[in-house]
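I opened a fresh notebook page for this one. Here is what I looked up, entry by entry.

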Amino acid sequence: RKRFDVSKLVKQLTVAGASAISVNSDGVLFGGTMEDITTAREASNAAAVTQSLDSGDGVVAPPILASDLLLYPYQLYKFRLAGADAVNLVVGALESKDLLYLTKIATTIQLQVLASVTSEVQIEMLTKLGPGSIHALVLSNRELETFDFDGSGEQALSLLKSEALKAFREKHGSDVPILVEGRVGLIERDGDNAGYIKALKENGAFGAIIGGGIAAINDDSVAQSLTSWAM
């Protein structure tokens, strides 16, 4: 969106119970700035404190994920200084040596790493990294060649069932969350949108990353299953 209030949006998401908040500071593609990450961190903290005082329950501010395309080590330092808690590595855009280097730096400066993959080959690249270097794995329905999405959702489902993912879990532990992104909530299966979410859960997905598509979801059952990840 050309006009948006980062602070207001983040406060709304925090109060709604978002597990994490993704912020893209790319000025060319998304109209963002590095200050958006700082603003998001401050707004989330403030909303969590207010919610805690109002409800009497302890509310933890969700982590801030810097979702910019990350290619260079200096970006890690900038994101951390801006207030990010985690970064997203697009494995298809990196070579194995770059993955190793970037994850080592992230660990050193206490940034958690999410890794997004679109193929079994990319999962195998992550399996070669040391245990503890990847904090969440994102199985994407995006097709990197065209940057479009697989409208059937079969790409992520097939990765959930793959031997490559099984090996990844054996190396990095079964407690590493497996997330899915790419039209989740919009893709139909067995006649409705909630059917795809159910299939993801049954095959071991921990949750989903929802982007701009959240504005197009008008089915209460789909919205509820996304929020609670329960069917």
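**Entry 1: valine 6**

In which helix does valine 6 lie? I found valine 6 in helix α1, which covers residues 6–16. A reminder to myself before going on: this is a predicted model.

Next I asked whether valine 6 is buried or exposed. Its relative accessible area is 15%, and the cut-off for buried is under 20%, so valine 6 counts as buried.

I then looked for its partners beyond four places in sequence, and found contacts with Asp36, Thr39 and Ala40. For alanine 40 I also looked up the spacing: valine 6 and alanine 40 are 34 residues apart in sequence, yet their C-alpha atoms are 6.4 Å apart in space.

**Entry 2: the whole chain**

I stepped back for an overview. The chain has 9 helices and 9 strands. Of its 231 residues, 42% are buried. I also checked how far the contacts reach: among those between residues at least 6 apart in sequence, 64% join residues at least 24 apart. The exposed area comes to about 12,400 Å², and carbon and sulfur atoms supply 53% of that.

**Entry 3: serine 44 and helix α2**

Where does serine 44 sit? I placed it in helix α2, residues 34–55. Its relative accessibility is 0%, so serine 44 counts as buried. Leaving out residues up to four places away, I listed what serine 44 touches: Val10, Thr14, Ala61, Pro62 and Ile64.

**Entry 4: salt bridges**

How many salt bridges does the structure hold? I noted 4.

I began with aspartate 85 and arginine 41, whose side chains meet with N to O at 2.3 Å. Aspartate 85 is in the loop between α3 (73–82) and β3 (86–90) while arginine 41 is in helix α2, so this pair ties together parts that are 44 residues apart in sequence. I compared their cover as well: arginine 41 is buried, at 14% relative accessible area, whereas aspartate 85 is partly exposed, at 24%.

Glutamate 154 and arginine 189 came next, with their closest N and O atoms 2.8 Å apart. This pair links distant parts of the chain, 35 residues apart: glutamate 154 belongs to helix α6 (residues 154–160), and arginine 189 to the loop between β8 (178–181) and α8. Both partners are partly exposed, glutamate 154 at 36% relative accessibility and arginine 189 at 26%.

Then I turned to lysine 97 and glutamate 95, which form a salt bridge with N to O at 3.9 Å. Lysine 97 is exposed, with a relative accessible area of 56%. Glutamate 95, at 48%, counts as partly exposed. I followed this pair further and found that Glu95, Lys97 and Asp98 are linked in a network of salt bridges.

**Entry 5: helix α8**

Is helix α8 mostly covered or mostly open? I checked residues 193–202, and α8 is mostly covered, with 7 of its 10 residues buried. Those buried residues are Asn193, Ala194, Gly195, Tyr196, Ile197, Ala199 and Leu200. I also looked just past the helix, where glycine 204 takes a positive phi of about 105 degrees.

Note on methods: Residues numbered from 1 in each chain as written. Predicted model: local features only at pLDDT ≥ 70, side-chain atom pairs only at ≥ 80, totals over all residues. Heavy atoms only, no water. Helix = DSSP H or I, 4+ residues; strand = E, 2+ residues; numbered from the N terminus. Buried < 20%, exposed > 50% of the residue type's maximum accessible area, 1.4 Å probe, protein only. Contact = heavy atoms within 4.5 Å. Areas by Shrake-Rupley, 256 points an atom, 1.4 Å probe, with all protein chains shown as cover.
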